[in-house]
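Here's a walk through the empty spaces, the domains and the RNA surface of this model. Have a look at the structure first, then read on.

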Amino acid sequence: MSEEKSLNFIEEIIEADLATGHYGAIHTRFPPEPNGYLHIGHAKSICLNFGLAIKYSGKINLRFDDTNPAKEETEYVDSIKEDVAWLGFNWTNELYASDYFDQIYEFAVTLINKGLAYVDDSTPDEIAALKGSPTEPGKNSPFRNRTIDENLTLFTAMKAGAYQDGEKVLRAKIDMAANNMHMRDPIIYRIKHAHHHRTGDKWCIYPMYDFAHGQSDSIEQITHSICTLEFIPHRELYEWLINQLEIFPSKQYEFARLNMTYTVMSKRKLLQLVTEGYVQSWDDPRMPTISGMRRRGFTAESIRNFCERIGIAKRENLIDVSLLEFCVREDLNRIAPRVMAVIDPVKLIITNYPEGQSEELISENGPDETYGSRSVPFSRELWIEREDFMEEPAKKWFRLAPGALVRLKSAYIIQCNSFEKDTEGNITAIQASYIPESKSGADTSEIKVKGTIHWVSVAHALEAEIRLYDRLFKVENPSQEEGDFKEYINPDSLQIIQQAYVEPSLLTAKIGNHYQFIRKGYFCLDKETSSEKLVFNRTVSLKDAWAKEVKK
RNA sequence: UGCCUGAUAGUAUAAUGGUAGUACAGCAGAUUCUGAUUCUGCUUGUCUAGGUUCGAAUCCUGGUCGGGUAACCA
């Protein structure tokens, strides 16, 4: 039985366009400005645009909107390509708005020739003053009635470098009384003597977003130009320019951008976190950037699923980060091999297990046989988790306590006999005896225990550094709070465990490999791992019913 | 203040004039050599006031509330 999934509003538009034959096929684009790293909000747009092209057998361009040389760098171009590819998408064409500078220049000349653009010598302040306000109409610039010839001459001189930055601009001649402020003679070209990451020093004038984006869409014959809600006011201008230029009529559609609890999603704010040292880098595992999430251990599959589940609509939203966590657990549960690691170790001594003896035990790698198994060394002295022992057990406590029985995962059932404390009352060692007939896979003891705990053999353990991450902000919506968003940064978003112990099979782990540390969470090997030191990032913890029980 | 948008469980998202559904979160239980996974059940919703209609989340009118918008940024 196939469940018909309902369409989002953009899919409805596309299906209508296809059904009426308005378009034979669709063509979308993902148009980042290469001035920063991509984040999960971009992933929503990427999944939408690429997803649409795939679903309707259309084309999709990766187009860099590089019309402001002051902010753009090749480093960002490279990272964006890497991130989109990592998410699992292939683009039909890799293009740049800067590829069209000659053509866009000609569009400007066309406008001038139609008497629909003029060179304005006003200063930014003068232009702003004449722009009026939402309630009062603007006033015409004194330069608005220059002749076509004069404008042509001046614009040519602008291109030739005859003027300094800011001396002149080219404006579309529309309507200084328009309700939509974007229609009050918007600036379409400005002078910027700056080195461009691709065109070098060829140009000293650059088109503004409004005179580059729609024109690029049109040149590429984009059918559905999908952007976020804040561009709604630009749509009127987008259409006006295409109409006046009589070029391919791309259409703009807008959807609501992604917001997520306990993080920020603007490039400006993310940049601040990096430059002001609140995080290490753009790919810091606490960042909502694609590169940060990848390093943290998120899979592309889980991010794609997340984007699928949040849906596409036009209303403002604030997605609960727990949905993202659910998506990554869902995927990692399926693909991550299980291993044992002790994060906060305390020594357990099996008093009736001979000193110097050890044995290899078989432990399963996953939920069923298809995952296979591996061998794990067992011996007299083990590391176990400090929180798995309670001197005075709480109600419903299934784990280790004086006199209590628990199973050591894939090994034996043990009974705690005694324990030692230091002068401050910290447990320093626990003694227990094991039940030989309870060996995992060959248990004839008939003893039933409620709890199973993980462990690592002291003699065989590998030392590792483990980095635990928490949410970056203390409040759900830092951008909405009073004052600077940085006041709400969570000071405990990173906890580094210098000396944890992991089972020896992890010696062969590769950077980026995912694991489930049994009972603790999903982890992946960080790129800062060296031959001296294994470094693991916690991607996400496991759901913890006991922690909830404790809270009650 | 103008203009543009939007409003369905706690959070998202469906229902396109005809049974308000799904996911996450929450709660309760079963299974479990991971207090995980899996499975079962449950709680919770159409912003408001009118109108049209046999019938309105859906159409109309007014209101309320939220968001966007007046860069030589994108």
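For residue classes, Ala, Val, Leu, Ile, Met, Phe, Trp, Tyr, Cys and Pro count as nonpolar, Asp, Glu, Lys and Arg as charged, and the others, Gly among them, as polar. This is a predicted model, where local features need pLDDT of at least 70 and side-chain atom pairs count only at pLDDT 80 or more, while totals for chains, interfaces and linings use all residues. Residues are numbered from 1 along each chain as its sequence is written, chains are lettered from A and ligands numbered from 1 in the order in which they are written, and side-chain values use heavy atoms, with hydrogens and water left out.

Let's start with the cavity. On a 1 Å grid over the protein atoms alone, a cavity is a set of points where a 1.4 Å probe fits but cannot get out; a pocket is an open set with protein on both sides within 12 Å along at least five of seven lines, and lining residues have an atom within 4 Å of a point. Points are joined across faces, edges and corners, and a volume is the space filled by probe spheres set on them. That rule gives one cavity of 30 Å³ or more. Its volume is about 30 Å³, and the lining consists of Tyr209, Asp210, His213, Gly214, His234, Tyr238 and Gln252. Sorted by class, that's two nonpolar, four polar and one charged.

Now the domains, with bounds from an automatic or database domain assignment. Chain A splits into domain 1 (9-255), domain 2 (267-337 + 464-551) and domain 3 (341-454). The centres of domain 2 and domain 3, taken over C-alpha atoms, are 29 Å apart. Their contact (heavy atoms within 4.5 Å) takes 20 residues from domain 2 and 23 residues from domain 3.

Where does the second largest pocket lie? Domain 1 and domain 2 both give residues to its lining, so it lies between them. The volume is about 1100 Å³. Of its 40 lining residues, His42, Glu230, Phe231, Arg257 and Lys267 are the closest to the centre. Helices (H or I, at least four residues) and strands (E, at least two) are DSSP runs, numbered from the N terminus; α2 gives the most to this lining, with four residues.

Finally, RNA strand B. Of the 64 residues around the strand (a heavy atom within 4 Å), Glu12, Arg338, Arg399, Ser440 and Gln516 come nearest. Of the strand's atoms within 4 Å of the protein, 63% belong to sugar or phosphate and the rest to bases. Here are three distances from RNA strand B to an N or O atom in a side chain:

| Side chain | Atom of RNA strand B | Distance |
|---|---|---|
| Arg315 | phosphate oxygen | 2.6 Å |
| Ser440 | base nitrogen | 2.4 Å |
| Gln516 | base nitrogen | 2.5 Å |

α12 gives the most to this surface, with four residues.

Conventions: A polar contact is a pair of N or O atoms within 3.5 Å; within protein, one must be able to donate a hydrogen and the other to accept it, and residues adjacent in sequence count only if both atoms are side-chain atoms.
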